[in-house]
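Hello,

Here is the structure I said I would pass on. Please open it first; my notes follow below.

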Amino acid sequence: MADELEMHEERAKVKKHLMAERGMSNTLAEVFLERQGFPRPPGWHSVFFYPGSNRPRNKV
């Protein structure tokens with residue numbers, strides 16, 4: 001449980017860096033995080049992606 005919480009905290013930190021320092025949009029940051037293996041928070045199933053796909057819903 002503690003490891004999962006740490007992963008979500010690290011994910012939030014990395015996402016903030018990607019958006020603020022590297023200028024990524026929310027969608028691109030989500031793609032990057034997904035490919036790096038960061039788990040989505042509980043309840044975030046298919047928020048930015050079509051189910052079963054790595055293709056974002058928004059046009060990139």
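Which backbone oxygen does the side chain of Arg11 reach? The backbone oxygen of Pro39, at 3.2 Å. Bear in mind that this is a predicted model.

Arg11 lies in helix α1. Arg11 is also buried: its relative accessible area is 5%, and the cut-off for buried is under 20%.

Now the helix itself. α1 runs over residues 2-20, which makes 19 residues. From first C-alpha to last, α1 reaches 27 Å. That is close to the 27 Å expected at 1.5 Å a residue.

Arg11 has company in α1. His8, Val14, Lys15 and Leu18 are buried as well. Seen down the helix axis, the buried residues of α1 fall within an arc of 130°, so they line one face. The cover over these buried residues includes α2 (26-36). The other side of α1 holds exposed residues: Ala2, Leu5, Lys13, Lys16 and Ala20.

For the protein as a whole, the numbers are these:

- Secondary structure: two helices and zero strands.
- Burial: 25% of the 60 residues are buried.
- Contacts: among those with a separation of 6 or more, 35% join residues 24 or more positions apart.
- Surface: the accessible area comes to about 4,500 Å², and carbon and sulfur atoms account for 54% of it.

I would start at Arg11, then follow the buried face of α1 towards the cover that includes α2.

Best wishes

How values were computed:
Residues are numbered from 1 along each chain as its sequence is written. This is a predicted model: local features need pLDDT of at least 70, side-chain atom pairs count only at pLDDT 80 or more; totals for chains, interfaces and linings use all residues. Side-chain values use heavy atoms; hydrogens and water are left out. Helices (H or I, at least four residues) and strands (E, at least two) are DSSP runs, numbered from the N terminus. Buried means under 20% relative accessible area, exposed over 50%, partly exposed in between (1.4 Å probe, protein chains only). Contact means heavy atoms within 4.5 Å. Accessible areas come from the Shrake-Rupley method with a 1.4 Å probe; for residues, only the protein chains shown count as cover. The expected span of a helix is 1.5 Å times one less than its number of residues. The arc is that of the directions from the helix axis to the C-beta atoms. A polar contact is a pair of N or O atoms within 3.5 Å; within protein, one must be able to donate a hydrogen and the other to accept it, and residues adjacent in sequence count only if both atoms are side-chain atoms.
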